[in-house]
Amino acid sequence: MPAPSNQPFCASSIIGTGSYMPEKILTNDDLSKIVETNDEWITSRTGIKERRIAADDQATSDLASEAARRAMTAAGVKPEDIQLIIVATVTPDMFFPSTACIVQKKIGAANAVCFDISAACSGFLYALQVARHFINTGNRTTALVIGAEKLSTLINWKDRNTCVLFGDGAGAVVIRRDDAGGMNAPGRVLSTVMGSDGNLTDLLKVPGGGSACPITPENADSRPNTIHMEGRETFKHAVTRMLEAAQQALEMAGLTAADVSLVIPHQANARIISAIADRLDLPIERVFMNLDKYGNTSAATIPVALDEANKAGRLKKGDVILLVAFGGGFTWASSVVRW
Ligand code: ACO
């Protein structure tokens, strides 16, 4: 096993991306057969056309493990090289052990220390920042950061306000200590900002199934273990916080929106994304969107989109990439990466 280094003040770079989306497609028309909705409403309000649904025998760790394998292949690293695995998820396989430990077993990363992070849709960027701290302080050299969700398990298929929005999927990156090349090194994470507002927990939550409200025969019918959301309020906070976070992350990196080649935002709603692009004065061509195909996959949206943008040749060496997210908690985060 490569010993974790104690060398302080290192820098971290993304050296590989990967993603895995389940095969089953659920279209807006399919949904209109199970709940009172239609393709026109969903498309005009959200931009979503379809989403992926994991198979009954696929757990979040299965999606995460496949994304992780693909990221490791892209990075040219072996499972035994991985020293840290962080899985961002709100749909862990079980309360414990962590999904990260289960991924460790499935991919054979015997030398890793593993844990999960719960920050809803901001989870991947929270996890990236935590992994970066491990690396930049010299504690670990190579990490897998994964965003993975099986949100279909948290959906009330009778609630048209929420069931049309979400889907399943997983994305991953390998990040590694890389002290050469300064701030222009490929894949270098230049800055990350994070924020939370616990006063607003009630606007977006899964209230039941935990210790505050265990599922009982009496409450099971009201489905407290599904997503409850105040859509309009969430929308407003998402725009404000994502914009602030993006501006702060750019400032921290010594850059402005004009330097950004591509924004990869959390994929919740095309109208949220357009509002942010507008306020940053960025043409929509410089904003990556794949929510039409996948809907909102919470912690998975950014690593999946990053991988798709990478594979599609949308990320050129030296490009400035702005990642920005918002989610339940509320939580928000933004990172600037030099590709
Ligand atoms: N099909 C048809 N009609 C619907 C549907 C549906 N699927 N869902 C709601 N409606 C109806 C409502 O019942 C309401 O009808 P009424 O006026 O007769 O009462 C009407 O449409 C308008 O409902 P609103 O909730 O006001 O619609 P809004 O324009 O706000 O859009 C939406 C709702 C899409 C949820 C929006 O508020 C939103 O995207 N919010 C952001 C929330 C989000 O993305 N959360 C994900 C997690 S956090 C994050 O990732 C950012």
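**Exercise 1. R241 and its partner**

Task: In this predicted model, decide whether R241 is buried, partly exposed or exposed, and find which side chain R241 meets in a salt bridge.

Solution:
- Step 1. Start with the accessibility. R241 has a relative accessible area of 24%. Partly exposed residues fall between the buried cut-off of under 20% and the exposed cut-off of over 50%, so R241 is partly exposed.
- Step 2. Look for the partner. The side chain of R241 meets that of E244 in a salt bridge, with 3.0 Å from N to O.
- Step 3. Check the partner in the same way. E244 has 30% relative accessibility and counts as partly exposed.
- Step 4. Place the pair. Both R241 and E244 lie in helix 7, 3 residues apart, which is about one turn of the helix.

A helpful idea to keep in mind: side chains of opposite charge can pair when their charged atoms come close.

**Exercise 2. Another pair in helix 7**

Task: Work out how many residues apart K236 and E233 are, and give the N to O distance of their salt bridge.

Solution:
- Step 1. Find the helix. K236 and E233 both belong to helix 7, which covers residues 231-252.
- Step 2. Read the spacing. The two residues are 3 apart, about one turn of the helix.
- Step 3. Read the distance. The salt bridge between the side chains of K236 and E233 has an N to O distance of 2.8 Å.
- Step 4. Add the surroundings of one partner. E233, at 31% relative accessibility, is partly exposed.

**Exercise 3. Salt bridges elsewhere**

Task: State how many salt bridges the structure holds, and say which residue D179 pairs with.

Solution:
- Step 1. Take the total. There are 11 salt bridges in the structure.
- Step 2. Go to D179. Its salt bridge is with R177, and the closest N and O atoms are 3.5 Å apart. A salt bridge needs these atoms within 4 Å, so the pair of D179 and R177 qualifies.
- Step 3. Compare each value with the cut-offs. D179 is partly exposed at 42%, and R177 is partly exposed at 23%.
- Step 4. Look for a network. E66, R69 and R70 are linked by salt bridges into one.

**Exercise 4. The shell around the ligand**

Task: Describe which residues and elements surround the ligand, and say how much of the ligand the protein covers.

Solution:
- Step 1. Count the neighbours. The ligand is surrounded by 22 residues, and the closest are T37, R45, R232, H266 and N269.
- Step 2. Sort them by type. The shell divides into 9 nonpolar, 8 polar and 5 charged residues.
- Step 3. Pick out polar contacts. A polar side-chain atom of R232 is 2.7 Å from an oxygen atom of the ligand, and a polar side-chain atom of N296 is 3.1 Å from an oxygen atom of the ligand. At R160, a polar backbone atom is 2.9 Å from a ligand nitrogen atom.
- Step 4. Find the cover. On its own the ligand has 1,000 Å² of accessible area, and the protein covers 77% of that.
- Step 5. Name the elements. Helix 2 (39-46), helix 6 (160-163) and helix 7 each give two or more residues to the shell. Helix 7 gives the most, with 4 residues.
- Step 6. Zoom out to the domains. Domain 1 (12-182) and domain 2 (188-338) each supply at least three residues of the shell.

**Exercise 5. Unusual backbone angles**

Task: Find which peptide bonds at P97 and F330 are cis, and which loops hold R223 and D281.

Solution:
- Step 1. Recall the usual case. Most residues other than glycine have a negative phi, and most peptide bonds are trans.
- Step 2. Look at the peptide bonds. F96 and P97 are joined by a cis bond with omega of about 5°, and P97 lies in the loop between strand 4 and helix 4. Another cis bond joins G329 and F330, with omega of about -10°; F330 is in the loop between strand 12 (320-327) and strand 13 (331-338).
- Step 3. Turn to phi. R223 is not a glycine, yet its phi is positive, about 55°. R223 sits in the loop between strand 9 (204-205) and strand 10 (228-229) and is partly exposed at 29%.
- Step 4. Finish with D281. Its phi is also positive, about 60°. D281 lies in the loop between helix 8 (270-279) and helix 9 (291-294) and is exposed at 67%.

Notes
Residues are numbered from 1 along each chain as its sequence is written. This is a predicted model: local features need pLDDT of at least 70, side-chain atom pairs count only at pLDDT 80 or more; totals for chains, interfaces and linings use all residues. Side-chain values use heavy atoms; hydrogens and water are left out. Buried means under 20% relative accessible area, exposed over 50%, partly exposed in between (1.4 Å probe, protein chains only). A residue is near a molecule or strand if one of its heavy atoms lies within 4 Å of it. A polar contact is a pair of N or O atoms within 3.5 Å; within protein, one must be able to donate a hydrogen and the other to accept it, and residues adjacent in sequence count only if both atoms are side-chain atoms. Accessible areas come from the Shrake-Rupley method with a 1.4 Å probe; for residues, only the protein chains shown count as cover. Ala, Val, Leu, Ile, Met, Phe, Trp, Tyr, Cys and Pro count as nonpolar, Asp, Glu, Lys and Arg as charged, and the others, Gly among them, as polar. Domain bounds come from an automatic or database domain assignment.
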